Amino acid sequence: MDIWEKLYIKAKEQYHPEEVSPFIYAHHVVCALESDNGEIYTGFCIESCGGVLDLCAERTAALNMYVNSGQTIVKRLIAFRDKAPFDEGSGMPCGACREFFMQLNIKNKDMEIMVDYDKRKTVKLKELLPDWWGNYRYKNNEADQ
């Protein structure tokens, strides 16, 4: 069993769409990520009637990683609805999640994101954000130290 199958199985455990209340819908998008030290963390999407209250599966998994271990670096990530990512793009993180991972740790630019599970096709975050606006701040921070 390769790491992608492990991640898929862990994420799939979280998939059970449900109405939490008349306002909240959850568990319809799931995610598993592998942290820098090889641990696996999961998350699921939580949607509400007010968009700013929503939380994507990818950010939930990242927050679980940080809260439970203090880690900020992600090696691999898979996210999907009812089936594994397919056709190059069905498992792609939204813009807010891409931004969050870059801000969490600049090393996340090298994390692999699964875009086609059967073909084992991945993309790196830096390919999705090639000229990310925050690079200068990381560089300036390094220069100050």
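**Briefing: cores, pocket and selected residues**

Setting aside neighbours within four places in sequence, Met111 is in contact with Val74, Lys75, Leu77, Phe101, Val123, Lys124 and Leu125. The model is predicted. The points below cover the nonpolar cores, helix H1, the largest pocket and several single residues.

**Nonpolar cores**

- The largest nonpolar core holds 23 residues, and the members that touch the most others are Leu33, Leu77, Phe101 and Met111.
- Two or more residues of this core come from each of E2, E3, H2, E4, helix H3 (95–104) and E5.
- Helix H2 supplies the largest share of this core, with four residues.
- Another core lies apart from the largest one; it has eleven residues, among them Leu7, Ala11, Val30 and Met114.
- Two of the residues that touch the most other members of the largest core, Leu77 and Phe101, are also among the contacts of Met111.

**Helix H1**

- Helix H1 spans residues 3–12, and its buried residues are Trp4, Leu7, Tyr8 and Ala11.
- These residues lie on the same side of H1 because they cover an arc of only 100° around the axis.
- The buried residues of H1 pack against five strands by name: E2 (25–35), E3, E4, E5 (112–116) and E6 (121–124).
- Leu7 and Ala11 are buried residues of H1, and both also belong to the core of eleven residues.

**Largest pocket**

- The largest pocket contains about 240 Å³ of space.
- It is lined by 17 residues, of which Val29, Glu58, Arg81, Ser90 and Met92 are the closest to its centre.
- Strand E3 (40–47), helix H2 (57–69) and strand E4 (74–80) are the elements that give two or more residues to the lining.
- By residue class, the lining has ten nonpolar, two polar and five charged residues.

**Pro85**

- Pro85 sits in the loop between E4 and H3.
- With a relative accessible area of 3%, Pro85 falls under the 20% cut-off and therefore counts as buried.
- Not counting residues up to four places away in sequence, Pro85 touches Ile78, Ala79, Phe80, Ser90, Gly91, Met114, Val115, Asp116 and Tyr117.
- One of these contacts, Ser90, is also among the residues closest to the centre of the largest pocket.
- Another, Met114, is a member of the core of eleven residues.
- Tyr15 is 70 residues away from Pro85 along the chain, and the C-alpha atoms of the two are separated by 14 Å.

**Residues with positive phi**

- His27 is not a glycine, yet its phi is positive, near 70°.
- His27 belongs to strand E2, and its relative accessible area of 8% makes it buried.
- Arg120, also not a glycine, has a positive phi of about 55°.
- Arg120 lies in the loop between E5 and E6 and is partly exposed, at 31% relative accessibility.

**Lys124**

- Lys124 is part of strand E6.
- Its relative accessibility is 30%, so Lys124 counts as partly exposed.
- Beyond its neighbours within four places in sequence, Lys124 is in contact with Lys109, Asp110, Met111 and Glu112.
- Lys124 and Leu7 are 117 residues apart in sequence, with 17 Å between their C-alpha atoms.

Methods:
Residues numbered from 1 in each chain as written. Predicted model: local features only at pLDDT ≥ 70, side-chain atom pairs only at ≥ 80, totals over all residues. Heavy atoms only, no water. 1 Å grid on protein atoms, 1.4 Å probe; cavity = no way out; pocket = protein on both sides within 12 Å on 5 of 7 lines; lining within 4 Å. Points joined across faces, edges and corners; volume = space filled by probe spheres on them. Nonpolar A, V, L, I, M, F, W, Y, C, P; charged D, E, K, R; others polar. Buried < 20%, exposed > 50% of the residue type's maximum accessible area, 1.4 Å probe, protein only. Arc of directions from axis to C-beta. Contact = heavy atoms within 4.5 Å. Core = buried A, V, L, I, M, F, W, Y, C linked by side-chain atoms within 4.5 Å.
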